[in-house]
Amino acid sequence: MGFRKSNKLSQKAMIKQILKRCSSLGKKQNFDELGLPMDVPKGHFVVYVGQNRTRYIVPISILNRSEFQSLLQRAEEEFGFDHDMGLTIPCEEEFFESLVASEMLR
């Protein structure tokens, strides 16, 4: 069994090396080797808002706000969370911007 575990670790190391070699591909598409967006700082996440699906980078602290939790409930009812389109928030951009602005003042 120790041999198998050793093989798995070496496979993980090989995958990391391959990802490092291919990292220029990810950078061209604005994603790092783990598939995370390079323009999103730690402690933030991306949501898409409104009919135009405008992209916003918001702090994770906004998850504590009851208004945002209500928006998440609406998003789940309207779109569900099992899709590849990113987290889409069904509200007007102006309302969302005011919510984010008030969170930044906290």
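This passage describes a helix pair and two charged residues in a predicted model. Residues are numbered from 1 along each chain as its sequence is written. Local features need pLDDT of at least 70, side-chain atom pairs count only at pLDDT 80 or more, totals for chains, interfaces and linings use all residues, and side-chain values use heavy atoms, without hydrogens or water.

Two packed helices are described by the angle and the distance between their axes. Helix α3 spans residues 66–78 and helix α4 residues 93–104. Helices are DSSP runs (H or I, at least four residues), as are strands (E, at least two), numbered from the N terminus. The axes of α3 and α4 come within 10 Å and cross at roughly 140°. Axes are lines fitted to C-alpha atoms, for helices over the stretch in contact, with angles from 0 to 180 degrees between N-to-C directions. Glu67, Phe68 and Leu71 of α3 meet Phe95, Phe96 and Leu99 of α4. Contact means heavy atoms within 4.5 Å.

Helix α4 also holds Glu93. Glu93 is buried, that is, under 20% relative accessible area (exposed is over 50%, partly exposed in between; 1.4 Å probe, protein chains only). Glu93 has no salt bridge, defined as a side-chain nitrogen of Lys or Arg within 4 Å of a carboxyl oxygen of Asp or Glu. The nearest side chain of opposite charge, Arg53, is 10 Å away. Lys and Arg count as positive, Asp and Glu as negative; His and the chain ends are not counted. Leaving aside residues up to four places away in sequence, Glu93 touches Val49, Gly50, Asn52, Thr54 and Tyr56.

Arg53 lies in the loop between β1 (44–49) and β2 (54–59). Arg53 is not a glycine, yet has a positive phi of about 50°. Arg53 is partly exposed, at 28% relative accessible area.
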